[in-house]
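Visitor: I'm new to this one. Could you pick a single part and walk me through it up close?

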Amino acid sequence: MTRSPSPADSLLARASVPRYTSYPPANHFTPEVGPDRHARWIASVDPDRPVSIYLHIPFCRRLCHFCACRTQGTRTDAPLDAYVKRLVTEIRRVAALLRHPQPASAVHFGGGTPTILPPHLLRAIDAALRSSFDVLPDAEVSVEVDPMELDERRLDALASIGLTRASIGVQDFADAVQSAIGRPQSFEATRAAAEGLRARGARSLNVDLIYGLPHQDAASLRATLAHVDELVPDRVAIYGYAHVPQMARRQRLIPQDALPGPAERLALFELARRLLLWAGYVPAGIDHFARPGDTLALAAQAGRLRRNFQGYTTDDARVLLGFGASAISRFPQGHVQNAPASGAWAARIDEGRLASVRGYALSSEDRCRGEIIDRLMCDFAADVGGIAAAHGMTLAAFHATLERILERFGPEVAVEAGHLRLTASDGRFARLVCAEFDTFLAQKEAAYSRAI
């Protein structure tokens, strides 16, 4: 049954707001937080609490037109060898600032295309991690996978480094869509990748899709989801395409007149959601779906869903250590980002320094607002009064914000005794409501993606 439009839907169609994988978003980081403060924050990490580790591999054989990530193309392995050598150096340099081998509960390889790495480089990174950190026996080891950059040797290497979860990028299987976004990928290659990963012990398989792509329509998305159903993934994420050609130059190759409009985008997301629910998935946050027994689904049902720079997660580590060009680290004190360009990152590593160039030190109010935003993004509800009190603030500080939210969103929200709740189960207004708590938004609103 299709949901009837509400007056607030017009806000959804035109608003551009952050994805809220951090607060504040990374475009508000400044050089005031650099290597010196980064080093102090690393040294202050609680030695008994496990950390999460993120490794950024920025290289791709093909540069997809839709992608706004920090990536670069290469046709040879020479840049990969040099990059991994420095990545190993960075891992050891950060680990040396810790008081003893820090326990690690999660390791995530992101990109770019991590599976572009040949087997010996995947194993070199794993060896550096395990000799520098106490990677726990039950740690989640996850890798973003491009099926077009995956062979038997790489599959064996992923198994040897303890892969537990793989995320397969699909986007859309329609030929016209794939041609427009510069990402040819057959269903057969994708199915072979899924089968190969499962055969080597991957316990969880994710499929990533995108709606709002050029030439995408209900028929193509329905056909894509039928193919996805054949793969039987444990999780499916469906993200809205963010068309920001002013920031991502390669997006200028995408025919803008072939993009679906706001109403069409909303209809595509509703179609995908409905089909995934019919297939037996349960929602986790605004754009993730999981099998009922999957840990992400269980976390969502128990109010333990979390959000970090990779999106929705079950990872509850307070510290995230990011390695590689553009990687972001998170500490209780704030956020730190490495030099975005791989050349600038490499120069800092070669100079014997930490590669961090900017970040943000959180105030008590920032932490308070960030926690409210996290709960709204994960639970579609937040105890604003309780969170405020935990951070030394009062509910009165948010009285005007709550009044504004009630006025703007009407029946889409409910407020009672300081508890804010979105009334729709799909959380479609979550990002917009979060934006009401964001004191940074007005500064750079044009840089963000559509709210749906």
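Guide: Sure, let's start with a pair of helices. This is a predicted model, and in it H7 passes H8 in a right-handed crossing. On the H7 side, the contact is made by Phe187, Thr190, Arg191, Ala194 and Arg198, while H8 brings His227, Glu230 and Leu231. Sort those contact residues by character and you get three nonpolar, two polar and three charged. To find the helices in the sequence, look at residues 187-199 for H7 and residues 218-231 for H8. Their axes lie 10 Å apart, and the packing angle is about 25°. Angles under 35 degrees count as roughly parallel, and H7 and H8 are therefore roughly parallel to each other.

While you're here, have a look at a little sheet too. Three strands make up this open sheet, ordered S18-S20-S19, with antiparallel pairing. S18 (381-383) and S19 (413-416) stand at the edges with a single partner strand each, so each has one side left without a neighbour in the sheet. On average, neighbouring strands here are turned by 10° against each other, ignoring direction. Zoom in on S19 and S20 (residues 419-422): they pair in the antiparallel sense over four bridges. Take Val415, whose bridge partner in S20 is Leu420.

Helices pack on this sheet as well. H12 (residues 364-379) touches S18 and S20, and its direction makes about 145° with that of S18. H14 (residues 399-409) touches S19 and S20, and its direction makes about 145° with that of S19.

Terms used. Residues numbered from 1 in each chain as written. Predicted model: local features only at pLDDT ≥ 70, side-chain atom pairs only at ≥ 80, totals over all residues. Heavy atoms only, no water. Axes fitted to C-alpha atoms, helices over the stretch in contact; angles between N-to-C directions. Helix = DSSP H or I, 4+ residues; strand = E, 2+ residues; numbered from the N terminus. Parallel < 35°, antiparallel > 145°, perpendicular 65-115°, else oblique. Left-handed = near helix turned anticlockwise from the far one by under 90°. Contact = heavy atoms within 4.5 Å. Nonpolar A, V, L, I, M, F, W, Y, C, P; charged D, E, K, R; others polar. Pairing = 2+ DSSP bridges.
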